[in-house]
Structure formats: structure tokens, C-alpha cells
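Student: Please take one part of this chain and go through it closely. I would like a single connected account rather than a list.

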Amino acid sequence: MRHPRIKICGLRTPEAVDAVLRHGGPEVGFVHFPKSPRHLSLPDMAALRAYLGDRAAVTIVTVDPDDALLEAIRRDIRPDTIQLHGSETPERVAEIGRRTGLATMKALSVHDAHDIASVASYRGIADRLLLDAKAPKGAVLPGGNGVAFDWRLLAGLPAGLDYMLSGGLTPDNVGAALRQAAPPGLDVSSGVESAPGVKDIHLIDQFFDAVLAASQPLEGRRAS
């Protein structure tokens with residue numbers, strides 16, 4: 001297993017950005033969704049984007065964005081990827097990719113094997129997929145709810161699929177996720193927070209350390 005790509009999502013402060021960069025984090029996520037405690041306005045997002053510069057790739061999380069919002073994000077934020085966390089169809093995902101010229105990552109909610117089967121509809125259309133736990137009943141957020149799904153379901157994914165595992169990951173359980181599912185990417189948000197929307201620098205440190213500790217034995221087994 002290769003070392004997974006880590007995306008720390010829902011960053012809102014320069015201090016949190018710095019914590020990711022200290023560990024060589026390759027990707028950060030900013031959220032534009034007013035119902036989320038991690039929401040950033042476009043001006044605040046642009047300021048944080050300017051602070052980050054080109055030191056890591058930027059993904060902007062949106063939920064069923066309209067064309068005007070997409071154009072504003074493309075023009076003002078200049079992200080690398082648009083993450084689509086709503087009910088976007090494969091056709092809409094393809095259209096967004098064409099319209100913006102940006103990479104697309106489609107989030108899919110997972111609860112059972114039937115949800116895993118839905119991956120096929122987006123493969124080859126979205127540049128990446130994000131597999132997140134299905135939101136609890138009554139939740140107002142499509143993601144970032146701090147719940148996990150049964151990682152054994154990932155055994156049913158097509159070989160070579162480019163995806164990020166999300167949902168309920170923490171410094172305490174990410175090692176188990178890597179050993180059980182060996183995902184190519186990891187996306188964490190609420191699992192490194194001290195309160196909703198408040199990133200905890202120590203938890204960010206612990207998450208990167210836990211991934212490194214879990215990846216080293218896997219790398220060793222691969223080499224032997």
C-alpha cells in the first residue's frame with residue numbers, strides 16, 4: 001500500500017493551515033455551505049487561499065452549487081478541485097468539470113453494499129470520489145457528522161479506483177482504517193476538532209502521526 005494522500009478539510013484559520021503544512025500535508029479543504037460550522041464566505045476563503053499560496057492543493061467543498069457560485073469560486077479562489085457534496089448527478093458533475101476547467105471530486109454516502117455499487121455511475125466522470133458515511137437521520141449536514149461506515153464494504157470497490165475515505169476518522173481509528181481498507185486517500189474534518197468547526201492543532205498533529213505510524217508497517221510488509 002502506498003502512503004495515503006491526506007486532506008484536512010474545513011480549515012478556517014491560518015494556524016490550522018500551518019499545522020497541515022508542518023506535516024507536508026498535500027491538500028486542504030475549505031467549505032462553502034452556510035449550514036456548516038466550517039463555512040467560509042468567499043472573501044474569507046479568498047484571504048485564506050492567499051495565505052496558503054501554492055504550498056498545498058486546495059479543494060472547495062460545495063453542496064449543489066449553481067453556475068454563478070461555481071464561477072465566483074473559480075475566479076476568486078482559484079482552487080484545484082471542486083468537491084460536490086450534494087445530489088449532483090453524473091451529468092451535472094461532468095458539466096461542472098467542463099464549465100470550470102477544474103478537477104471534480106464527487107462525495108457519495110455509504111451505508112451498505114448497494115451504496116458501493118453506485119460508485120460505477122461516477123467512475124470516469126468525476127476525477128476522484130469521496131466515500132463518506134451516510135448522514136444520520138435528521139442531520140442538516142451531508143458530511144462532517146463524525147460517523148463512520150463499515151470499512152469492510154470497500155472490498156467491493158473496483159481495483160485502482162481513486163477515492164478518499166471519509167466519515168468518522170480520528171487519530172485513534174485511522175490506523176485501523178488503513179489496515180482494513182488501505183484507501184488511497186483520507187479526508188478528515190470533525191475528527192480533528194475540539195468543537196464543531198474548531199480545528200485542534202494537537203489533533204491534526206496526532207492524525208498525521210497516526211497515519212505515518214500505520215503506514216510504516218504496511219510499507220515494510222510490501223518491501224519484504
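**A close look at E4, E5 and what surrounds them**

Tutor: Thr81 stands opposite Ala103 in strand E5. The model in which this pairing is found is predicted. Thr81 belongs to strand E4, which covers residues 81–84, and E5 covers residues 103–110. The two strands pair in the parallel sense, over four bridges. Between them in the chain comes helix H4, which covers residues 90–100. Taken together, E4, H4 and E5 make a right-handed β-α-β unit.

E5 has a second partner. Strand E6, residues 128–133, pairs with E5 in the parallel sense over six bridges. One of the matched pairs there is Ala107 with its bridge partner Leu130 in E6. How much of E5 is buried? Six of its eight residues are, so the strand is largely enclosed by the rest of the structure.

Going back along the chain from E4, the loop between helix H3 and E4 holds Arg78. Its phi is positive, near 55°, although Arg78 is a residue other than glycine. Arg78 is partly exposed, because its relative accessible area of 49% lies below the cut-off of over 50% for an exposed residue.

H3 itself covers residues 67–76. Its buried residues are Leu69, Leu70, Ala72 and Ile73. Those four cover an arc of only 160° around the axis, which puts them on the same side of H3. The background is simple: an α-helix has 3.6 residues a turn, so residues three or four places apart point the same way. The buried residues of H3 pack against helix H2, strand E3, E4 and H4. H3 thus meets both E4 and H4 of the β-α-β unit described above.

On the other end of H3, the loop between E3 and H3 contains Asp64. Asp64 also has a positive phi, about 50°, and is not a glycine. With a relative accessible area of 40%, Asp64 is partly exposed.

The next neighbour is H2, residues 42–52. A side-chain oxygen of Ser41 reaches to within 3.2 Å of the backbone nitrogen of Asp44 at the start of H2. Just after the helix, Gly53 takes a positive phi of about 65°. The buried residues of H2 are Leu42, Met45, Leu48, Arg49 and Leu52. Seen down the axis of H2, they fall within an arc of 125°, so they line one face of the helix. Pro43 and Ala50 are exposed on the other side. The cover over the buried face includes helix H1 (14–22), strand E2, E3 and H3. H2 and H3 therefore appear in each other's surroundings: H3 is listed among what covers the buried residues of H2, and H2 among what the buried residues of H3 pack against, where buried means under 20% relative accessible area.

Before H2, the loop from E2 (27–31) carries Arg38. At 4% relative accessibility, Arg38 counts as buried. Its side chain has a polar contact of 3.1 Å with the side chain of Ser189 and another, of 2.8 Å, with the side chain of Glu193.

Ser189 directs attention to strand E8, residues 185–188. Both faces of E8 are covered: Gly185 and Asp187 are buried on one side, and Leu186 and Val188 on the other. In a regular strand the side chains alternate between the two faces of the sheet. E8 runs parallel to strand E1 (residues 5–9), to which four bridges join it, with Leu186 as the bridge partner of Ile6. Two bridges join E8 to strand E7 (residues 163–165), again parallel, and Met164 stands opposite Gly185. E7, helix H7 (residues 174–181) and E8 make a right-handed β-α-β unit, the description also given for E4, H4 and E5.

As for the chain around this part, its secondary structure comes to eight helices and ten strands. Buried residues make up 50% of its 224 residues. Of the contacts with a separation of 6 or more, 57% are between residues 24 or more positions apart. The accessible surface comes to about 10,000 Å², with 52% belonging to carbon and sulfur atoms.

How values were computed
Residues numbered from 1 in each chain as written. Predicted model: local features only at pLDDT ≥ 70, side-chain atom pairs only at ≥ 80, totals over all residues. Heavy atoms only, no water. Buried < 20%, exposed > 50% of the residue type's maximum accessible area, 1.4 Å probe, protein only. Contact = heavy atoms within 4.5 Å. Areas by Shrake-Rupley, 256 points an atom, 1.4 Å probe, with all protein chains shown as cover. Polar contact = N/O pair within 3.5 Å; in protein donor to acceptor, adjacent residues only side chain to side chain. Arc of directions from axis to C-beta. Pairing = 2+ DSSP bridges. Right-handed = clockwise from strand over helix to strand, strands pointing away.
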